[in-house]
Amino acid sequence: MSLAASLASTPTLHIEGGVATITLNRPAQRNRLENADLKALLVHLDTVNKDTAVRVLVLTANTAGQPKPVFCAGYDIGGFDEPGHGSTFFEEIPDALAALRPVSLCALNGSVYGGATDVVLACDLRIGLQGIEWRMPATALGLHYYPSGLQRYVSRFGLAATKRAFLTARPFTDRQLEALGLFEALVGPEDWAATQQALVRDILALAPLAVQETKQSIREIETGQGDVGRMREREHRTSQSADFAEGRAAFAQRRTPVFTGC
């Protein structure tokens, strides 16, 4: 047994410096998601959401020892046979991820399949590793996908590409995904760490309150729950914040602002 296989586990959570990192950790099984993994992910997401010091969540995978990197091979379909599980239970993970308070970044460091594609789409931002593949085989397995997943596909992919994904079950190449505007960056292994670190650094440099309030408004607009009154309240709250005063002062003084989230 390889070291990676012997250390396989449910997804891990590490928090440091305002950044939470969740890592899928079954590389020998191509990071296939079992029901135990889904339960662990829900716990981790709740932990991250409640920790107000966390401003960025990075979702990635352990691909050690894989011939070709696979971020996630999707949901273990054997889990459908367990009472209370299946697609309805799986749907809770991307829905929770989409509603997360901090900014979420998927560091897609391998190919991705099935339900895991919706987990990737549920993140706010994505960087991709060159050469990866993406495939949604739901209809090839005889399954109508759950509603929020279809909504996310249409929102992120557009109608034409969503139809291609579900009505042909053909894979997408990294370049096809890039053409859809899915990635903030599509890079090779040599630039992977630096690209991820730079994006996280840029997010952390923003005003925390403004980011949190803006993300919530965008989320509400996306899900058809946008309310102008609530958005005006958030606009007013940030305009009266210490962070906005600091941002203006820093701009005038040509220096880097020091935000406090207040």
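Select residues 147–157 and 159–168 to begin: these are helix 6 and helix 7, whose axes come within 7 Å and cross at roughly 130°. That angle makes helix 6 oblique to helix 7. Bear in mind that this is a predicted model. Rotate the view until one helix lies over the other. Helix 6 passes helix 7 in a right-handed crossing.

Now show the side chains at this contact. From helix 6, pick Leu 150, Tyr 153, Val 154 and Phe 157. From helix 7, pick Leu 159, Ala 161, Thr 162, Ala 165 and Phe 166. What kinds of residue make up the contact of helix 6 with helix 7: nonpolar, polar or charged? Eight are nonpolar, one is polar and none is charged.

**The whole protein**

Zoom out and show the cartoon. The secondary structure comes to 12 helices and 10 strands. The radius of gyration is 19 Å, close to the 18 Å that the globule rule gives for 262 residues, so the protein is as compact as a globular protein of that length. Its C-alpha atoms fill a box of roughly 55 × 40 × 35 Å, taken along the principal axes.

**The six-stranded sheet**

Next, find the open sheet of six strands. Trace its order, 1-2-3-5-7-10, and note the mixed pairing. At the edges are strand 1 (12–16) and strand 10 (185–187), and each pairs on one side only. Look along the sheet to see its twist, which averages 15° from one strand to the next.

Stay at the strand 1 edge. Select strand 2, residues 19–24; strand 1 and strand 2 pair in the antiparallel sense over five bridges. Strands of a sheet pair through backbone hydrogen bonds. For one bridge here, click Leu 13, then its partner in strand 2, Ile 22.

Add helix 2, residues 35–50, to the view. Helix 2 packs on the sheet, touching strand 1, strand 2 and strand 3 (56–61). The direction of helix 2 makes about 175° with that of strand 2.

Then go to the turn. Strand 1 and strand 2 form a hairpin with two residues between them. Click Gly 17 in that turn: it has a positive phi of about 60°.

**The four-stranded sheet**

Move to the open sheet of four strands. Its order is 4-6-8-9, and the pairing is mixed. Which strands stand at the edges? They are strand 4 (70–72) and strand 9 (172–173). Each has a single partner strand, so one side of each is left without a neighbour in the sheet.

Select strand 8, residues 133–135. Strand 8 and strand 9 pair in the antiparallel sense over two bridges. Click Trp 134, then its bridge partner in strand 9, Phe 172.

**Last stop: another helix pair**

Select helix 10 (208–222) and helix 11 (228–239). They pack at an angle of about 170°, with their axes 10 Å apart. That makes helix 10 roughly antiparallel to helix 11.

Show the side chains here too. In helix 10, choose Leu 209, Ala 210, Glu 213, Gln 216, Ser 217, Glu 220 and Ile 221. They meet Arg 230, Met 231, Arg 234, Arg 237 and Thr 238 in helix 11. Color this contact of helix 10 with helix 11 by residue type: four are nonpolar, three polar and five charged.

Technical notes. Residues are numbered from 1 along each chain as its sequence is written. This is a predicted model: local features need pLDDT of at least 70, side-chain atom pairs count only at pLDDT 80 or more; totals for chains, interfaces and linings use all residues. Side-chain values use heavy atoms; hydrogens and water are left out. Axes are lines fitted to C-alpha atoms, for helices over the stretch in contact, and angles run from 0 to 180 degrees between N-to-C directions. Angles under 35 degrees count as roughly parallel, over 145 as roughly antiparallel, 65 to 115 as roughly perpendicular and the rest as oblique. A crossing is left-handed if the near helix is turned anticlockwise from the far one by less than a right angle, and right-handed if clockwise. Contact means heavy atoms within 4.5 Å. Ala, Val, Leu, Ile, Met, Phe, Trp, Tyr, Cys and Pro count as nonpolar, Asp, Glu, Lys and Arg as charged, and the others, Gly among them, as polar. Two strands pair if DSSP finds at least two bridges between them. The radius of gyration is taken over C-alpha atoms; the globule rule is 2.2 Å times the number of residues to the power 0.38.
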